[in-house]
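Please look over the sequence and the model below. Then use this briefing to find your way around.

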Amino acid sequence: MVFDISVAMTWILFLALFPMAFVWLRRAWRITMRRDFSEVALKGGESPANSKKYAPYEAGINLVAGIIILGVILSVLSAALEYQVWSAIAGSTIWCKFFASFALSRQAHASWGKTKT
């Protein structure tokens with residue numbers, strides 16, 4: 001094996017999966033078990049006024065993404081998936097999680113039909 005930029009990027013992607021899975025599963029745990037809604041649908045670092053309404057969606061997004069990434073980590077460690085397969089699953093999961101969280105935060109902070117005070 002020759003150590004080049006593609007090997008380095010592969011290792012960076014793989015090692016980055018660990019903190020992502022940890023943070024997303026911890027966030028799902030906090031929302032569902034501890035009823036901590038401080039990280040629900042954040043926009044500009046602030047949660048919406050009715051964050052309890054959006055908590056199940058945020059918990060679901062984080063739980064599904066965390067479980068998929070955890071599965072990818074375990075399958076890579078057990079050599080069950082080839083590089084193209086696990087990198088595609090991991091990349092798709094990361095982008096889908098970011099887009100879903102972004103859409104949820106914009107929905108939660110929307111002010112359609114509301115008067116500004």
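A helix here is a DSSP run of H or I with at least four residues, and helices are numbered from the N terminus. With that in hand, take the largest pocket: α1, α2 and α3 each supply at least two residues of its lining. Keep in mind that this is a predicted model.

**The largest pocket**

- The largest pocket has a volume of about 210 Å³.
- Which helix gives the most to its lining? That is α1, with 4 residues.
- The lining includes Met1, Val7, Thr10, Trp11 and Phe14.
- Val76, Leu77, Leu81, Glu82, Tyr83 and Trp86 also line this pocket.
- Some lining residues are buried: among them are Val7, Thr10 and Phe14 in α1, and Trp86 in α3.

**Helix α1**

- At 1.5 Å a residue, the 28 residues of α1 should span 40 Å. The end C-alpha atoms of α1 are 40 Å apart, so the model agrees with the expected span.
- The buried residues of α1 include Ala8, Leu17, Met20, Ala21 and Trp24. Arg27, Ala28 and Ile31 are also buried in α1.
- What covers the buried residues of α1? The cover includes α2 and α3.

**Helix α3**

- Helix α3 has 26 residues. From its first C-alpha to its last it reaches 37 Å, close to the 38 Å expected at 1.5 Å a residue.
- Among the buried residues of α3 are Trp86, Ser87, Ala90, Thr93 and Ile94. Lys97, Ser101, Leu104, Ser105 and Ala108 are buried in α3 as well.
- The cover over these buried residues includes α1 (5-32) and α2 (51-77).

**Salt bridges**

- Side chains of opposite charge can pair when their charged atoms come close.
- How many salt bridges does the structure hold? It holds 2.
- Glu39 forms a salt bridge with Arg27, and the closest N and O atoms are 2.8 Å apart. Glu39 lies in the loop between α1 and α2 while Arg27 lies in helix α1, so the pair ties together parts that are 12 residues apart in sequence.
- Glu39 also forms a salt bridge with Arg30, with the closest N and O atoms 2.8 Å apart.
- Arg27, Arg30 and Glu39 are therefore linked in a network, given that a salt bridge is a side-chain nitrogen of Lys or Arg within 4 Å of a carboxyl oxygen of Asp or Glu.
- Are Glu39 and Arg27 buried or exposed? Both are buried.
- Why does Glu39 count as buried? Its relative accessibility is 18%, and buried means under 20%.
- Arg30 has 25% relative accessibility, so Arg30 counts as partly exposed.

**Lys97, a buried charge**

- Lys97 sits in helix α3 (residues 83-108).
- Lys97 is buried yet has no salt bridge.
- Which side chain of opposite charge is nearest to Lys97? It is Glu58, 4.4 Å away. Because a salt bridge needs the nitrogen and oxygen within 4 Å, this pair does not count.
- Lys97 touches Trp24, Arg27, Glu58, Ile61, Asn62 and Ala65, not counting residues up to four places away in sequence.

**Gln107**

- Gln107 lies in helix α3 too.
- At 40% relative accessibility, Gln107 counts as partly exposed.
- Leaving aside neighbours within four places in sequence, Gln107 is in contact with Tyr54 and Trp112.
- Gln107 and Ala21 are 86 residues apart in sequence. In space they are 25 Å apart, C-alpha to C-alpha.

Conventions
Residues numbered from 1 in each chain as written. Predicted model: local features only at pLDDT ≥ 70, side-chain atom pairs only at ≥ 80, totals over all residues. Heavy atoms only, no water. Buried < 20%, exposed > 50% of the residue type's maximum accessible area, 1.4 Å probe, protein only. Lys, Arg positive; Asp, Glu negative; His and termini not counted. Contact = heavy atoms within 4.5 Å. Expected span 1.5 Å × (residues − 1). 1 Å grid on protein atoms, 1.4 Å probe; cavity = no way out; pocket = protein on both sides within 12 Å on 5 of 7 lines; lining within 4 Å. Points joined across faces, edges and corners; volume = space filled by probe spheres on them.
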